[in-house]
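Q: Please give a close account of how oppositely charged side chains pair in this model. I would like to know where the partners sit and how far each is covered by the rest of the protein.

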Amino acid sequence: MKTTTTIAALICGFMIYSCNSDEHTKEATLEKVNEPKTMLKADPVVRGAYLVNTNGCNDCHSPKVMTENGVEVDESRMLSGHPANEKLAPYDEATAKSYILFSPGLTAATGPWGTSFAANLTPHETGLGTWTEGQFLTAIRKGLYKGIEGSRPLLPPMPWQHYRNFTDDDLKAIFAYLQSLNPVDNIVPEPIPPKVQ
């Protein structure tokens with residue numbers, strides 16, 4: 001009888017522990033599920049930093065440096081676009097019509113459209129310093145250079161067709177974050193059209 005009572009007590013104790021453990025697991029899961037909702041309510045600059053850093057903006061818009069850990073973003077020139085003084089290596093025109101060629105830092109791309117250079121996204125006047133929030137939204141929503149109606153389209157590989165799916169609040173948060181960056185003086189070269197054969 002004593003053994004049966006002990007076993008019953010152990011089973012009850014285990015069940016109570018399991019229920020509490022399940023409750024903690026459910027709470028932790030709900031916190032993870034609700035985390036994006038919390039972030040939406042956060043400071044727009046914090047939200048913008050999250051979106052920029054999880055959507056590959058540094059991949060093309062930030063110059064890179066070689067470190068002991070491999071290629072990394074050059075923090076002193078983060079999101080400043082293709083360096084004005086960086087010369088591109090010669091390439092075969094025929095290859096450029098069949099493939100996309102990237103510069104070593106991924107800030108320039110050559111393909112059938114010609115050569116495009118990643119823009120300076122910092123708040124310097126050579127970047128987004130003179131832009132309005134409305135221009136930024138137009139640039140991303142409509143794929144227009146400098147967010148100006150009637151301007152040329154944004155060139156590949158800029159995936160504006162993907163980014164236009166952000167909400168207005170997301171795009172405003174991204175713009176707020178970009179405006180909070182260290183301004184970097186860098187005049188990005190104009191695109192180079194493809195050579196006519």
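A: **Salt bridges and their surroundings**

K142 counts as partly exposed, because its relative accessibility is 46% and this class runs between 20% and 50%. The model is a predicted one. The side chain of K142 meets that of E149 in a salt bridge, with 2.6 Å from N to O. The partner E149 has a relative accessible area of 51%, so it falls into the exposed class, which begins over 50%.

This pair is one of four salt bridges found in a search of the whole structure. Another joins the side chains of D168 and R141, again with an N to O distance of 2.6 Å. D168 belongs to helix 7 and R141 to helix 5, which covers residues 133–142, so this contact ties together parts that lie 27 residues apart in sequence. D168 is partly exposed, because its relative accessibility is 39%. R141 also counts as partly exposed, because its relative accessible area is 26%.

A further salt bridge is formed by R47 and D170, whose closest N and O atoms are 3.3 Å apart. It connects distant parts of the chain: R47 is in helix 2 (residues 44–54) and D170 in helix 7 (residues 168–179), 123 residues apart. Both R47 and D170 are buried, that is, each has under 20% relative accessible area.

The helix that carries R47 deserves attention too. In helix 2, the buried residues include G48, A49, L51 and V52 besides R47. When reading such a list, one may recall that an α-helix has 3.6 residues a turn, so residues three or four places apart point the same way. The N-terminal end of helix 2 is capped by D43, which has a side-chain oxygen 2.9 Å from the backbone nitrogen of V45. Just after helix 2, G56 takes a positive phi of about 75°.

A nonpolar region offers a counterpart to the charged pairs. I100, F102 and L106 make a nonpolar surface patch of about 260 Å². I100 is placed in the loop between helix 4 (93–98) and strand 3 (101–102). With a relative accessible area of 45%, I100 is partly exposed, and so it passes the threshold of over 30% that is required of a patch residue.

Conventions:
Residues numbered from 1 in each chain as written. Predicted model: local features only at pLDDT ≥ 70, side-chain atom pairs only at ≥ 80, totals over all residues. Heavy atoms only, no water. Patch = residues over 30% accessible without salt bridge, like charges linked within 9 Å, V, L, I, M, F, W, Y side chains within 5 Å. Areas by Shrake-Rupley, 256 points an atom, 1.4 Å probe, with all protein chains shown as cover. Helix = DSSP H or I, 4+ residues; strand = E, 2+ residues; numbered from the N terminus. Buried < 20%, exposed > 50% of the residue type's maximum accessible area, 1.4 Å probe, protein only. Polar contact = N/O pair within 3.5 Å; in protein donor to acceptor, adjacent residues only side chain to side chain.
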